Amino acid sequence: MSSFAPASSKKAKKRAAADGVDGEFFPGIEKIQYKPDAGPEDVLCFKHYNASEVVYGKSMEDWLRFSVCFWHTFRGTGADPFGFPTLHRPWEDGSDSMENAKRRLKAAFEFFTKLGVNYWTFHDRDIAPEGNDLAETNKNLDEVVDLAVKLQEETGMKLLWGTCNLFANPRYMNGAATNPDAHIVAHAAAQVKKGLEVTKRLGGRNFVFWGGREGYHTILNTDVLAELSHMANFFKMAVAHKKKIGFTGQFLLEPKPKEPTKHQYDYDAMTVIGFLKHFGLDKDFKLNIEPNHTTLAGHGYEHDVVMASAFGMLGSIDSNTGSPDLGWDTDQFPMDVKNCTMVMKTVLEMGGLTPGGLNFDCKVRRESTDLEDMFISHVGAMDAFARGLKNAAKLRQEGVLTRLVKERYLSFSSGIGAKIAKGAATMEECEEYILQKGEPKAASGKQEKYEAILNHYV
Ligand code: XUL
Ligand code: CO
């Protein structure tokens, strides 16, 4: 999301003038093929991702469920707080018109199809311009959604999830669902009502809530309990409306610890699970985990994926990465095969992510200015995850780590351990046990052995 308008070029103006042209937006780029023997510089083909290949009982496309996000890939301009846009796309005419929005959507569907993904994701405000009031804004959205329905039908593309942008407009600067002004909370609810309706129309498999401005900058002006209960009531309204309109997609909450607010309420997976349980919302929501947010919270890359999955709350993944040496959300393409292996290990253990998927909430660097970089980045990340999937499948098939972890906890399968595991033991029994058995033997944690085993598969 940026306030910088992309600079217009002569070519773009010409294209803009010929509104409705169904030209080719990525000439010279054919549908990306699987070429396992391709060389190191062949970066416009898959060397590992082979959509229909069966791995561990399911096709790769079913395990991975790749999705392209509209906001970075089609609204990203490369602008940063220090510099103007660098990514000048030929279909952009620099305006906020409906014509530009529709042309951009057509370019996006050509991209999705040539890349060979089955899913996409968007925020309401990515795809259609805001009008002068809610009625006009909704009308604009409906008109672009009409085109999206048609393009989905023509290409077979599906919507992984829709979401509402409740953070860019200045009205939300003090929060949306947690704003101290009820008028603004009501506006956010009205926006989500429409967002749910269009997501349903597009057959969205999920609907995401990322609380971009739900947090605080200073505790001095903030009633945290009031804000958190308003947020819970906001979600309850959304659940009620979902039921009312018969939307069957999964609701997902996306944790992030900081940025843009200094403290975001949805700090990390366990914080969000605690919030959902506290307010009785845990049956209606799962989590959309973004590893770059996890690392911002000070955890390891796969930590939140593992925690959410352990509690049966992993719904979907915004598969990106941060830069380990930077402290902000860089939204880079995930290229680290070991990280991808760890994520896919969890996905395999839980039997798959459906109805969620791996959404590339990632942006090309502002210096990666060529159109082909849009493809190279996605292809590279898809291949990294395909390798992660194959590694994780082998790891699981051979079962070495699973066996070692099982053995590590063996003491809980009988005797006092089984009683503790069931929650049936008392402190007196534990005392009696220790008095009889004496001092326990310390066992090695064998971290390096586990790490060496993982390296065998990566
Ligand atoms: C922001 C972020 C969002 C959400 C959707 O850091 O990740 O793009 O994924 O609003
Ligand atoms: Co995200």
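Is Asn100 buried or exposed? Asn100 counts as buried, because its relative accessibility is 0%. The model is predicted. This briefing covers the cobalt site, ligand 1, the nonpolar core and three single residues.

**Cobalt site**

- Four residues coordinate the cobalt ion (ligand 2): Glu254 and Glu290 through OE, Asp318 and Asp361 through OD.
- The coordination distances run from 2.0 to 2.2 Å.
- The site has six donor atoms, and the angles among them span 79 to 170 degrees.
- The geometry of the cobalt site is octahedral.
- For six octahedral donors, the ideal angles are 90 or 180 degrees.
- Along the sequence, the donor residues of the cobalt ion (ligand 2) follow the spacing E-x35-E-x27-D-x42-D.
- The pair Glu290 and Asp318 links distant parts of the chain, 28 residues apart.
- Glu290 sits in the loop between β10 (285-289) and α10 (291-296), while Asp318 belongs to strand β11 (residues 314-318).
- Glu290 is buried, because its relative accessible area of 1% is under 20%.
- Asp318 is also buried, at 0% relative accessibility.

**Ligand 1**

- The surroundings of ligand 1 consist of Trp71, His123, Trp161, Trp210, Glu254, Lys256, Glu290, His293, Asp318, Asp329 and Asp361.
- Glu254, Glu290, Asp318 and Asp361 appear both around ligand 1 and among the donors of the cobalt ion (ligand 2).
- For Trp71, a side-chain N or O atom lies 3.2 Å from an oxygen atom of ligand 1.
- For Glu254, the distance from a side-chain N or O atom to an oxygen atom of ligand 1 is 2.7 Å.
- For His293, a side-chain N or O atom is 3.0 Å from an oxygen atom of ligand 1.

**Nonpolar core**

- The largest nonpolar core holds 103 residues.
- Leu64, Phe74, Leu105, Phe112, Trp120, Phe234 and Met344 have the most contacts inside this core.
- Helix α13 (residues 371-398) supplies the largest share of the core, eleven residues.

**Asn391**

- Asn391 is located in helix α13.
- Asn391 is buried, because its relative accessible area of 13% falls under 20%.
- A polar atom of the Asn391 side chain lies 3.5 Å from the backbone oxygen of Tyr457.
- Leaving out residues up to four places away in sequence, Asn391 touches Val337, Thr341, Tyr457 and Val458.

**Asn100**

- Helix α4 (residues 98-115) contains Asn100.
- The side chains of Asn100 and Arg103 make a polar contact at 2.9 Å.
- Beyond residues up to four places away in sequence, Asn100 touches Trp91, Glu92, Asp93, Gly94 and Ser95.

**Arg89**

- Arg89 occupies the loop between α3 (70-75) and α4.
- Which side of the 20% cut-off does Arg89 fall on, buried or not? Arg89 is buried, because its relative accessible area is 8%.
- Setting aside residues up to four places away in sequence, Arg89 is in contact with Val364, Thr369, Asp370, Leu371 and Met374.
- From Arg89 to Ile184 the C-alpha to C-alpha distance is 35 Å, with their positions 95 residues apart in sequence.

Key:
Residues are numbered from 1 along each chain as its sequence is written. Chains are lettered from A and ligands numbered from 1 in the order in which they are written. This is a predicted model: local features need pLDDT of at least 70, side-chain atom pairs count only at pLDDT 80 or more; totals for chains, interfaces and linings use all residues. Side-chain values use heavy atoms; hydrogens and water are left out. A nonpolar core is a set of buried Ala, Val, Leu, Ile, Met, Phe, Trp, Tyr and Cys residues joined through side-chain atoms within 4.5 Å. Buried means under 20% relative accessible area, exposed over 50%, partly exposed in between (1.4 Å probe, protein chains only). Helices (H or I, at least four residues) and strands (E, at least two) are DSSP runs, numbered from the N terminus. Donors are N, O and S atoms within 2.8 Å of the metal (3.2 Å for Na, K and Ca); water is not among the atoms, so sites may look incomplete. Four donors count as tetrahedral if all angles lie between 85 and 135 degrees; four count as square planar and six as octahedral if opposite donors are over 155 degrees apart and all others between 65 and 115; anything else is irregular. A polar contact is a pair of N or O atoms within 3.5 Å; within protein, one must be able to donate a hydrogen and the other to accept it, and residues adjacent in sequence count only if both atoms are side-chain atoms. Contact means heavy atoms within 4.5 Å. A residue is near a molecule or strand if one of its heavy atoms lies within 4 Å of it.
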